[in-house]
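Colleague: Could you walk me through this one while I have it open? I'd like to begin with one position and work outwards from there.

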2 protein chains.
Amino acid sequence: MRKRKRTYSCGLEASLAVTGGRWKFLILWVLSNQGTKRFGELRRAVVGGISEKMLIQELKELELDGIVERKDFKRVPPRVEYSLTPLGIELGEATASLCEWGTKHIDRINGASQKSVSVEPGVFPQ
Amino acid sequence: MRKRKRTYSCGLEASLAVTGGRWKFLILWVLSNQGTKRFGELRRAVVGGISEKMLIQELKELELDGIVERKDFKRVPPRVEYSLTPLGIELGEATASLCEWGTKHIDRINGASQKSVSVEPGVFPQ
DNA sequence: CCGTATCCGTAAGGATACTG
DNA sequence: CAGTATCCTTACGGATACGG
């Protein structure tokens, strides 16, 4: 399942090894902003509609990487809570600026692909 | 090729729509730190060994999103230079903290516990 | 409620050859 | 040098059904 093929010599590459894929950033973001969550809560909170399969898979990998902590209450009905480790909290903070950039330019991004290709040099409507 | 299926309501999701995939962050990082590059230079500078096909594909998408600017000198032999737009520069700055996180914790990510990591010269300084 | 287990389609991405 | 054009393989990720 998980094959960390090689070692990383570049910081960004290492970060991407941990946060790669479609969902990890978004999961991280929920836990970073909304704190500890149960499995079902987390599933509903992640934007885009993640499947149970993907959520549990990504959580396992994040746990292996020391980003996420899993607490199983071993009860019936089951109750499991996920939260960030200190390392995960740091990583969450590191993504804050990325989120801000997206928020700031979201209108432009949402319209980028339909627009005609010719954009006047140097001009960036905002 | 590019199908931006929907609009994004979350800043992080919007950012990921632009920077998603395996290579875009790394391309962005090169242009952000090393400035304008020719096609071949860029290809050699991106860590991990990107193919020509992927590089040109990602560059086109980044150009459509207003992140990268392409300058064609229309000469023989061909000379094309890629650089970041103001929007791209901003985005590059937003990824800096992510790179720092990776650099800081690279030992742990690489598998922890073992030998120290020798950072090869020529990759991203940090 | 919190997962596991399969099946399966798509597309991301690599390899190679070719062009102006 | 800077791309195009194909072919091909993998794995990402969705859908569904089932289990403790």
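Colleague: Where does A:Ile106 sit in chain A?

Modeller: This is a predicted model, and in it A:Ile106 lies in helix α7 of chain A, the helix that covers residues 106-112.

Colleague: Is A:Ile106 buried or exposed?

Modeller: A:Ile106 counts as buried, because its relative accessible area is 15% and the cut-off for that class is under 20%.

Colleague: And which residues does A:Ile106 touch, leaving aside its neighbours within four places in sequence?

Modeller: With those neighbours set aside, the contacts of A:Ile106 are B:Tyr8, B:Ser9, B:Cys10, B:Gly11 and B:Ala14 of chain B.

Colleague: How far is A:Ile106 from A:Arg75?

Modeller: Their C-alpha atoms are separated by 43 Å, with the two positions 31 residues apart along the chain.

Colleague: OK, over to the helix on the other side. How many residues of α1(B) are buried?

Modeller: The helix is mostly covered, with 9 of its 9 residues buried; B:Gly11 and B:Ala14, both of which touch A:Ile106, are among them, as are B:Leu12 and B:Ser15.

Colleague: What about B:Ser15, then, and why does it count as buried?

Modeller: B:Ser15 belongs to helix α1 of chain B, and it counts as buried because its relative accessibility is 0%. Not counting residues up to four places away in sequence, B:Ser15 touches A:Leu98, A:Trp101 and A:Gly102. Within chain B, the C-alpha atoms of B:Ser15 and B:Leu91 are 8.7 Å apart, although 76 residues separate the two in sequence.

Colleague: What happens just after α1(B)?

Modeller: There B:Gly21 takes a positive phi, of about 90°.

Colleague: Let's look at the whole interface. How many residues of each chain are in contact?

Modeller: On the chain B side 46 residues are in contact with 41 residues of chain A, and the two chains bury about 4,000 Å² between them, with 71% of that area on carbon and sulfur atoms.

Colleague: Which residues of chain B lose the most area to chain A?

Modeller: Those are B:Leu12, B:Leu98 and B:Trp101, which together account for 18% of what the chain B side buries.

Colleague: And how many salt bridges are there between the chains?

Modeller: The count is 2 salt bridges, and one of the pairs between the chains is B:Glu90 with A:Lys104, whose closest N and O atoms are 3.2 Å apart. For polar contacts, the rule finds 15 residue pairs across the interface, with both residues at pLDDT 80 or more.

Colleague: Which helices of chain B supply at least two residues of the side that touches chain A?

Modeller: They are α1 (11-19), α2 (24-34), α5 (86-94), α6 (96-104) and α7 (106-109) of chain B. By type, the residues on that side of chain B divide into 25 nonpolar, 13 polar and 8 charged.

Colleague: Last topic, the fold of chain A. How many helices and strands does it have?

Modeller: Chain A has 7 helices and 3 strands, and along the sequence they follow the pattern α-α-β-α-α-β-β-α-α-α. Of its 126 residues, 44% count as buried. If you take contacts in chain A between residues at least 6 apart in sequence, 44% of them join residues at least 24 apart.

Colleague: And what is the accessible surface of chain A?

Modeller: That surface comes to about 7,000 Å², and 52% of it belongs to carbon and sulfur atoms.

Definitions and conventions: Residues are numbered from 1 along each chain as its sequence is written. Chains are lettered from A and ligands numbered from 1 in the order in which they are written. This is a predicted model: local features need pLDDT of at least 70, side-chain atom pairs count only at pLDDT 80 or more; totals for chains, interfaces and linings use all residues. Side-chain values use heavy atoms; hydrogens and water are left out. Helices (H or I, at least four residues) and strands (E, at least two) are DSSP runs, numbered from the N terminus. Buried means under 20% relative accessible area, exposed over 50%, partly exposed in between (1.4 Å probe, protein chains only). Contact means heavy atoms within 4.5 Å. Accessible areas come from the Shrake-Rupley method with a 1.4 Å probe; for residues, only the protein chains shown count as cover. Buried area is the accessible area (1.4 Å probe) that two parts lose on being put together, summed over both. A salt bridge is a side-chain nitrogen of Lys or Arg within 4 Å of a carboxyl oxygen of Asp or Glu. A polar contact is a pair of N or O atoms within 3.5 Å; within protein, one must be able to donate a hydrogen and the other to accept it, and residues adjacent in sequence count only if both atoms are side-chain atoms. Ala, Val, Leu, Ile, Met, Phe, Trp, Tyr, Cys and Pro count as nonpolar, Asp, Glu, Lys and Arg as charged, and the others, Gly among them, as polar.
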